[in-house]
Amino acid sequence: QVQLVESGGGLVQAGGSLRLSCAASGRTLSRDTMGWFRQAPGKEREFVAAISWTGIRSNYADSVKGRFTMSRDNAKNTVDLQMNSLKPEDTAVYYCAADPSGSLAGRLTLPDRYIYWGQGTQVTVSS
């Protein structure tokens, strides 16, 4: 069974950094479009970042652009999200997701394209 497991979340002060990692079992991610989403208390799940399997296309939400960087390591079958200059409003449960279709069409920001989802990891940013 395909599983995505996020790790690296925790409590950090504003201005600090965290690095989230998403590890896959049951399949490789090398040909998957990968996305990160987050859901803050009382809010809808929102797009954070995504990267195509080719690495040619990548997207970042305006709210995290310039602060977050997504990367993938095919050798380790992992996808990371480096989060710098964290703000209290970044507090949320962060989810990684995989789209195995290999399609470069459509918007990477749309959650419906992602088939596999992790269980989420909590990120809490204090003032």
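**Exercise 1.** Determine which residue of β8 is the bridge partner of Ser21, and place β8 in its sheet.

*Solution.* The bridge partner of Ser21 in β8 is Asp80. This is a predicted model, in which local features need pLDDT of at least 70 and side-chain atom pairs count only at pLDDT 80 or more, while totals for chains, interfaces and linings use all residues. Residues are numbered from 1 along each chain as its sequence is written, and side-chain values use heavy atoms, without hydrogens and water.

Strands here are DSSP runs (E, at least two residues), numbered from the N terminus; two of them pair if DSSP finds at least two bridges between them. Six bridges join β3 to β8, and the two run antiparallel. β7 and β8 are likewise antiparallel, joined by six bridges. The resulting open sheet of four strands has the order β1-β3-β8-β7. Its edge strands, β1 (3-7) and β7, each pair on one side only.

**Exercise 2.** State which side chains of β7 are buried, and identify the residue of β8 opposite Thr69.

*Solution.* In a regular strand the side chains alternate between the two faces of the sheet. Along β7, Phe68, Met70 and Arg72 point to one face and are buried (under 20% relative accessible area, 1.4 Å probe, protein chains only). Thr69, Ser71 and Asp73 point to the other face and are not buried. Opposite Thr69, in β8, stands Gln82.

**Exercise 3.** List the residues that Met83 touches, leaving out those up to four places away in sequence.

*Solution.* With contact taken as heavy atoms within 4.5 Å, Met83 touches Gly16, Ser17, Leu18, Leu20, Arg67, Phe68, Tyr94 and Val123.

Key
Buried means under 20% relative accessible area, exposed over 50%, partly exposed in between (1.4 Å probe, protein chains only).
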